[in-house]
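Here is a short tour to keep beside you while you turn the model on your screen. Have the sequence open too, and stop wherever something catches your eye.

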Amino acid sequence: MKFTFDVKSPQQQYIQITAELKATGNETTVFFPAWRPGRYELGDFAKNVNHFHAYNGDGSILKHNKINKNTWVIQTDGCSTFTIKYSYYATDLNAGSTFLDTTQLYVNPVNCCVFTDESYNDPISVRLNIPESWEVAHSLKVENNSFTAKNFDELADSPFICSANLQKVTYEVAGTTFYIWFNGIIKPEWKRLIKDFKAFTETQIQKFSKFPTDEYHFMIQILPYATYHGVEHSKSTVITLGPSYAVFDELYKELLGVSSHELYHTWNVKSIRPIEMVPYDFKKENYTELGYIAEGVTTYMGDLMLYKSGVFSLEQYLFEMDNQIQRHMDNFGRFNYSVAASSFDTWLDGYVPGAPGRKVSIYTEGCLLAFIIDVYILKYTKNKKGLDDVMRNLYLNFGALNKGITEKDYQKEIEELTGVSMQWFFDDYVHGTKAYSTLLVDCLEYIGIEFHNEPVKSEVAAYLGAKTMDVNNETVIMALYPGGPLDIGGAILGDKIVGVNGVVVNNDVDRWMKFFRNDSKEIAINRKGALVNIHLPESEKTYYQRFFLKATTKPSQEQVHAFDGWRSAE
Ligand SMILES: [Zn+2]
């Protein structure tokens, strides 16, 4: 199998792609990937395909039928090989997309390369016809703008960036070479970067005992506008981050956070993978309930590794945990839908808020449940073992052997450490919707971390139970606290608050609501052009809260011991 990428008129943002494939009889079926690993929802990349044609060896056109949105049947009568030519429209620029303009060709092959069942496992050679001044950042070895992947899986998992604006540095840990590539407008602080990256890389490798591959590439697309995204691969990650000026300033902790998260994925999901995704089936949805392990444990560990390696202070680490707890508490979907069911449903709408109160985030719930399990293992092992041990065992017993994992495998590794059944955890919290804030508080207390809450600063959110946003001088209701005054009073999402007690509000709704806090209120609302009045009786209750963690100032001996076990860098 052979691919050629041409960039004849990059300003039109169409990549010309030629694929030479093996014919398999009278008809050969050609597929386009419907999704990409890392984003467990349909991407339907075939929507970007234009000028699709098939040819035989002497250049004559072969007939084809498109039989569904991403499948073509080519009449390959009598040919041993045939060629497909198409253009791919590449205007999305995120950590998992394919993009072309006059400055770069950035390719995630899983977006834009066809495949067949018959030649899926054949080696693939790729030729890049790109401007001479462009360099290639790639986890596969590139020579004279050509490279080889051992099969379609490896090609699909190996993104690359061709650009004249690449900068790179390398560092070594435990025999593996790590490359950090930047593309775009950026002034890297190399020394600081290498020190921090080396520290979290060392800690992660130490926890897992070895790194799965011989080299690894952080490919960081720096953009002039605000963006934050990362996608994992076996030998690389692509990260988008911006704006440029903030990357080594206020966004630096985000750069560390996403990089540590994506590196952890090298083990957890690229190697330790839900059995339903071994191998990946790019033709259709790959349903799994284990997103809380793949993304949740990675979210928990990505930040924790930064703390354990000394890159983050405890304060910085707890700040990241605060965010997860806040998201958990503010999402009332936690009463309605389990994290396992929400994982299954990422294929429906897992990456957007969706219907209010319908589902939870595999990242947030998975992270907090990972913390609870970590503490339970500590409790049962006299603070000697933790979730690190579970993940290392899963890697050595499954991932490293190319065996997929089931929930039972995860549970078994946990129970081998705790020595007691953890079925209640899976029944109540993974597959159930039992509230776990008390459990969380207990686990935090066990390691000497205090859980605090106070009414949020916004008066409308704290006392009237609605989160609002000022958009074009209008105060729009974005979320309602179930049972809060505005919810009971009949407000609906998208309502614009225009007045209170006869006064017009003008980006100062919080000030007016505070002014009238102890009075009954008549609120005027613009609801899609209709004027609606809502009466709210007096109330002293509070609704939306801010949650935050703090280290106990005077921890007990037990707490000190537990904390040391939890953060242990052994
Ligand atoms: Zn992730």
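What follows is a walk through a predicted model, from the metal site to the sheets, the empty spaces and some backbone details. The zinc ion has three named protein donors, His-261, His-265 and Glu-295. Two open sheets come next, one of five strands and one of seven strands. After that come the cavities, of which a search of the whole structure finds four of 30 Å³ or more.

**The zinc site**

- Which protein atoms hold the zinc ion? They are NE2 of His-261, NE2 of His-265 and an OE atom of Glu-295, at 2.0 to 2.1 Å from the ion.
- Along the chain, these donors are spaced as H-x3-H-x29-E.
- His-265 belongs to helix H4 (residues 252–267) and Glu-295 to helix H5 (residues 291–308), so this pair ties together parts that are 30 residues apart in sequence.
- Are these two donors buried or exposed? His-265 counts as buried because its relative accessibility is 0%, and Glu-295 counts as buried at 2%.

**The five-strand sheet**

- Reading across this open sheet, the order is E15-E16-E17-E19-E18, and the pairing is mixed.
- Strand E15 (166–173) and E18 are the edge strands, each pairing on one side only.
- From one strand to the next, the twist averages 15°.
- Six bridges link E18 with strand E19 (residues 236–242), and the two pair in the antiparallel sense.
- To find this pairing on screen, look for Tyr-228, which stands opposite Leu-241 in E19.

**The seven-strand sheet**

- This open sheet runs E5-E4-E8-E2-E1-E11-E13, again with mixed pairing.
- Its edges are strand E5 (61–62) and strand E13 (146–149), each of which pairs on one side only.
- Strand E1 (residues 2–6) and strand E2 (residues 14–22) are antiparallel partners over five bridges.
- Within E2, Ala-19 is the bridge partner of Phe-3.

**Strand E14 and its partners**

- In a regular strand, side chains alternate between the two faces of the sheet.
- Strand E14 (residues 160–163) has Phe-160 and Cys-162 pointing one way and Ile-161 and Ser-163 the other way, and all of them are buried.
- Strand E10 (residues 104–107) runs antiparallel to E14, joined by four bridges, and Gln-104 stands opposite Ser-163.
- Strand E12 (residues 135–138) also pairs with E14 in the antiparallel sense over four bridges, with Val-136 opposite Cys-162.

**Cavities and a pocket**

- The largest cavity holds about 120 Å³ of space.
- Its lining has 14 residues, and those nearest the centre are Arg-334, Glu-365, Thr-433, Lys-434 and Tyr-436.
- How does the lining of this cavity divide by class? Seven residues are nonpolar, four are polar and three are charged.
- The second largest pocket contains about 800 Å³ of space.
- This pocket is lined by 33 residues, with Asp-157, Ser-234, Lys-270, Arg-273 and Asn-402 closest to its centre.
- Helix H2 (152–156) and strand E18 (227–232) each supply at least two residues of the pocket lining, and H2 gives the most, with three.
- By class, the pocket lining comprises eleven nonpolar, twelve polar and ten charged residues.

**Backbone details in the loops**

- Gly-242 and Pro-243 are joined by a cis peptide bond with omega about 5°, and Pro-243 sits in the loop between E19 and H4.
- A cis bond also runs from Val-278 to Pro-279, with omega near -10°; Pro-279 is in the loop between H4 and H5.
- Val-269 is found in the loop between H4 and H5 and has a positive phi of about 125° although it is not a glycine.
- Val-269 counts as buried, because its relative accessibility is 2%.
- Ser-209 is not a glycine, yet its phi is positive at about 80°.
- The place of Ser-209 is the loop between helix H3 (190–208) and strand E17 (215–222), and at 42% relative accessibility it counts as partly exposed.

**One more residue to look up**

- Ile-414 lies in helix H11 (residues 407–418) and is buried, with a relative accessible area of 0%.
- From Ile-414 to Ala-226, the separation is 188 residues in sequence and 40 Å in space, C-alpha to C-alpha.

Notes. Residues numbered from 1 in each chain as written. Predicted model: local features only at pLDDT ≥ 70, side-chain atom pairs only at ≥ 80, totals over all residues. Heavy atoms only, no water. 1 Å grid on protein atoms, 1.4 Å probe; cavity = no way out; pocket = protein on both sides within 12 Å on 5 of 7 lines; lining within 4 Å. Points joined across faces, edges and corners; volume = space filled by probe spheres on them. Nonpolar A, V, L, I, M, F, W, Y, C, P; charged D, E, K, R; others polar. Donors = N, O, S within 2.8 Å, 3.2 Å for Na, K, Ca; no water. Buried < 20%, exposed > 50% of the residue type's maximum accessible area, 1.4 Å probe, protein only. Pairing = 2+ DSSP bridges. Axes fitted to C-alpha atoms, helices over the stretch in contact; angles between N-to-C directions.
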